[in-house]
Amino acid sequence: MSGHSFQIADLALQRSRYKHLSDDEWRWFLQQVEGKERTADKLPSFAAIENWWYPVRLSCEQCSSEITAKYKASLLTANSSSHSAFADLTGGYGVDTFFLSGHFTHTDYVEQDAELCRIAAHNFSLQPSDIAVHNTTAETFLATAGQYDLIFADPYRRDSHGGKVFRLADCTPDLVQLLPAIMEHLNPDGLILLKLSPMLDISQALKELSVVRDPASLVRWNVHVVAVKNEVKEVLFIGTKGQDTGNPETITAIDLAEPENAFVFIRDEEHEAVCRMVSRTSSHPTFLYEPNAAVLKSGAYKLVAQRFGLQKLDVNTHLYVSDTLVEHFPGRVWKIIHDSSPLSQANIICRNYPLTPEQLKKKMRVRDGGNTYLIACRVAQKTTVFVAERV
């Protein structure tokens with residue numbers, strides 16, 4: 001049981017100490033304590049605001065973190081020169097609304113859940129801002145909406161049974177169906193910003209969102225795969241309306257823990273990249289590389305090798321090697337140890353390998369931990385285990 005849930009469960013047993021609170025007040029009190037504890041690290045700015053309200057646990061878990069919300073806000077400066085009106089069509093807890101609204105003179109927050117609207121209206125009132133709260137659906141709101149410089153949507157990714165979904169057509173609202181209406185309310189130089197699932201098939205989503213491509217209403221999509229500490233948190237699609245400017249569509253793979261190593265490429269570059277593969281007769285390499293989760297999600301398997309002058313271990317093994325150390329690689333780097341001395345302790349990683357880390361640990365009779373790594377993978381269609389240390 002986590003520390004948070006233990007503290008809340010323990011507090012819930014102390015109901016008799018709060019007899020002055022009604023049952024509804026007691027449930028609200030527990031919700032506020034749990035919400036603040038659960039999001040203190042995720043949303044430190046909110047934790048510092050007196051009398052800030054927190055929604056139910058699921059909304060706290062699903063909302064953007066402060067670091068990813070601020071990253072979205074930073075994209076506005078790079079993509080647009082003037083901001084006057086912004087609409088968030090799927091407001092939720094209001095995290096993205098809060099951080100994006102600072103760039104606009106007016107913001108419309110749209111949310112069909114009445115309780116989330118109540119919480120958002122209170123929280124927005126605590127800060128100097130012009131944010132109007134609308135308790136309705138995105139479709140209904142757009143039917144009478146004005147024009148905007150930014151329209152943002154983060155569709156609900158749960159089915160009727162509460163299970164997670166990630167295909168655009170399974171989310172609420174269906175952005176493919178809603179996109180023409182969004183474009184009607186976007187100013188000529190405006191932006192569409194979509195926050196989508198980390199599980200999304202990027203190529204398929206781009207195909208689905210291209211349904212409105214015609215000379216009069218062209219949408220060009222730049223994609224940002226956003227990770228934090230090697231975990232992909234969200235995939236952002238930034239759409240611009242208007243005629244083709246000739247600028248190629250790009251994909252940015254970035255881990256916010258190391259933003260200086262962002263990997264940016266044009267979509268066609270991966271298809272055209274020439275990737276050198278390791279052969280069975282290759283000399284023993286010195287350094288081993290694994291791209292971070294954002295780069296892997298972006299699908300730049302060949303291009304990352306070409307850019308950094310690396311060799312790929314196998315078609316389906318997304319690990320790379322070199323004889324000399326490559327600086328500023330977007331991911332983890334190890335130095336391979338060419339020593340057959342037996343090991344009693346190591347960190348085990350399996351990539352495109354028939355055994356799981358737990359199975360390999362038992363087979364090799366090693367304990368977890370230490371500074372040494374056993375990296376098991378397939379090299380030139382042959383299984384191999386590298387002994388290595390982090391660089």
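Is Asp154 buried or exposed? In this predicted model, Asp154 has a relative accessible area of 17% and is therefore buried, since the term applies under 20%. The side chain of Asp154 meets that of Arg157 in a salt bridge, with 3.0 Å from N to O. Arg157 has a relative accessible area of 19%, so this residue is buried as well. The pair also belongs to a network of salt bridges, in which Asp154 and Arg157 are linked with Lys72, Asp96, Lys195 and Glu234.

The setting for these contacts is a protein chain of 391 residues, of which 48% count as buried. The chain contains 14 helices and 17 strands. Taken along the principal axes, the box filled by its C-alpha atoms is roughly 70 × 65 × 35 Å. Two residues give a sense of distance within that box: Asn51 and Pro291 are 240 residues apart in sequence, and their C-alpha atoms are 42 Å apart in space. Asn51 is found in the loop between α3 (44-47) and α4, and with a relative accessible area of 48% this residue is partly exposed.

Helix α4, which follows that loop, spans residues 57-62 and includes Leu58. Together with Val56 and Tyr156, Leu58 forms a nonpolar patch on the surface. The accessible area of these three residues together is about 250 Å². Leu58 itself is partly exposed, at a relative accessible area of 35%; this value satisfies the requirement of over 30% for a residue to be part of a patch.

Salt bridges number 19 in the structure, and two further examples illustrate a contact within one helix and a contact between two helices. In the former, Glu115 is paired with Arg118, and their closest N and O atoms are 3.0 Å apart. Both residues lie in helix α7 (residues 114-125); because they are 3 residues apart, about one helical turn separates them. Glu115 counts as partly exposed at 35% relative accessibility, and Arg118 is partly exposed at 38%.

In the latter, Arg307 forms a salt bridge with Glu269, with 3.3 Å between the closest N and O atoms. Arg307 lies in helix α13 (residues 303-308) and Glu269 in helix α11 (residues 267-272), so this salt bridge ties together parts of the chain that are 38 residues apart in sequence. Arg307 counts as partly exposed, with 38% relative accessibility, and Glu269 likewise counts as partly exposed, with 26%.

Attention may now turn to the second largest pocket, which holds about 650 Å³ of space. Its lining consists of 34 residues, and those closest to the centre are His284, Pro285, His338, Thr384 and Phe386. Four elements each give two or more residues to this lining: the strands β12 (311-314), β13 (317-322), β16 (372-379) and β17 (382-390). Of the elements, β17 gives the most, with 6 residues. By residue type, the lining of this pocket divides into 16 nonpolar, 13 polar and 5 charged residues.

Conventions: Residues numbered from 1 in each chain as written. Predicted model: local features only at pLDDT ≥ 70, side-chain atom pairs only at ≥ 80, totals over all residues. Heavy atoms only, no water. 1 Å grid on protein atoms, 1.4 Å probe; cavity = no way out; pocket = protein on both sides within 12 Å on 5 of 7 lines; lining within 4 Å. Points joined across faces, edges and corners; volume = space filled by probe spheres on them. Nonpolar A, V, L, I, M, F, W, Y, C, P; charged D, E, K, R; others polar. Patch = residues over 30% accessible without salt bridge, like charges linked within 9 Å, V, L, I, M, F, W, Y side chains within 5 Å. Areas by Shrake-Rupley, 256 points an atom, 1.4 Å probe, with all protein chains shown as cover. Salt bridge = Lys/Arg side-chain N within 4 Å of Asp/Glu carboxyl O. Buried < 20%, exposed > 50% of the residue type's maximum accessible area, 1.4 Å probe, protein only.
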